[in-house]
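Hi everyone, thanks for making time. I'd like to walk you through one chain today, piece by piece, so please have a look at it on the screen first.

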Amino acid sequence: VLVQDAWGTYAPVDWVMSVTQPQLMWNLTVAQAHTFFVGDRQWLVHNLCAEDIAEERARRNIPDERTVAILEADSQRFVGISGRKPIPASVSNNPFSVDHAEIDALNQLVNARSMSNKTGGMAKMIVDYPVCRNCRAKNGIRMAMRAAKLDWLVVSDPINPPWFFTP
């Protein structure tokens, strides 16, 4: 994984700490901006937020009754939309979460990674409705994350603290 600093220089991520317990997280927004330079080297970071979902809804004309999930991984954005789609059992065998936006977004990552053979790394996801128990506690997201071969994933929704998933 490469990160960019304020001068356009890219450098690899040297260290990632996996936290397996709930942590207080902050999503900083200043005057509608949610992309910032942070740290001594001024690394460029982007916070996913509700405005990202609203922009995707408008751009794709997604009806309100559909849940939207945005997944950022491998320097790409995958937009999952709830609804019936052909999701392989290797991505989700949970009949209650297979139609969910979170699983759709992760399945898109699985498909993209199957072309590049990329594995590992971290990803972040924002969902515009609360993540259901089947996705968070009954292994819906974790199984899809394993299929995508991610090292960890953080998922945020409107009412819960962020969820951290590891394989």
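Let's start with the sheet. Five strands make an open sheet, in the order β6-β5-β7-β8-β9, and the pairing is mixed. At the edges stand β6 (76–81) and β9, each with a single partner strand, so each has one side left without a neighbour in the sheet. On average, neighbouring strands here are turned by 20 degrees against each other, ignoring direction.

Before going on, a word on what you're looking at. This is a predicted model, where local features need pLDDT of at least 70 and side-chain atom pairs count only at pLDDT 80 or more, while totals for chains, interfaces and linings use all residues. Residues are numbered from 1 along each chain as its sequence is written, and side-chain values use heavy atoms, with hydrogens and water left out.

Some vocabulary too. Helices (H or I, at least four residues) and strands (E, at least two) are DSSP runs, numbered from the N terminus. Two strands pair if DSSP finds at least two bridges between them.

Now the pairings. Strand β5 (residues 68–73) pairs with strand β7 (residues 122–127) in the antiparallel sense, over four bridges. One bridge joins I70 to I126 in β7. On to β8 (residues 152–156): β7 pairs with this strand in the parallel sense, over five bridges. Here M122 has W152 as its bridge partner in β8, and I126 has S156. So I126 turns up twice: its partners are I70 and S156.

What packs on the sheet? Helix α1 (residues 50–60) does, touching β5, β6 and β7, and its direction makes about 110 degrees with that of β5. Contact means heavy atoms within 4.5 Å. Axes are lines fitted to C-alpha atoms, for helices over the stretch in contact, and angles run from 0 to 180 degrees between N-to-C directions. Helix α2 lies across β5, β6, β7 and β8, running at about 140 degrees to β6.

Next, helix α4, residues 140–148. Which of its residues are buried? They are G140, I141, A144, M145 and A148. These cover an arc of only 125 degrees around the axis, which puts them on the same side of α4. That arc is taken from the directions from the helix axis to the C-beta atoms. As a reminder, an α-helix has 3.6 residues a turn, so residues three or four places apart point the same way. Buried, by the way, means under 20% relative accessible area, exposed means over 50%, and partly exposed is in between (1.4 Å probe, protein chains only).

And what do those buried residues of α4 pack against? The list is α2 (101–116), α3 (133–136), β8 and β9 (163–165). Right after α4 comes K149, with a positive phi near 60 degrees.

Let me zoom in on α2 and α4. Their axes come within 8 Å and cross at roughly 10 degrees. The two helices are therefore roughly parallel to each other (angles under 35 degrees). On the α2 side we have E102, I103, L106, L109, V110 and R113, and they meet G140, I141, A144, M145, A147 and A148 in α4. The residues of this contact divide into nine nonpolar, one polar and two charged. For that count, Ala, Val, Leu, Ile, Met, Phe, Trp, Tyr, Cys and Pro are nonpolar, Asp, Glu, Lys and Arg are charged, and the others, Gly among them, are polar.

A few single residues are worth a look. K124 sits in strand β7 and is partly exposed, with a relative accessible area of 26%. K124 and A73 are 51 residues apart in sequence, but 6.9 Å apart in space, C-alpha to C-alpha.

Then there are two asparagines. N61, in the loop between α1 and β5, has a positive phi near 55 degrees without being a glycine, and counts as exposed at 67% relative accessibility. N117, in the loop between α2 and β7, is not a glycine either and has a positive phi of about 60 degrees. N117 is exposed, with a relative accessible area of 67%.

Finally, let's step back. The chain has four helices and nine strands, and along the sequence they follow the pattern β-β-β-β-α-β-β-α-β-α-α-β-β. Of its 167 residues, 36% are buried. Among contacts between residues at least 6 apart in sequence, 56% join residues at least 24 apart.

Note on methods:
Angles under 35 degrees count as roughly parallel, over 145 as roughly antiparallel, 65 to 115 as roughly perpendicular and the rest as oblique.
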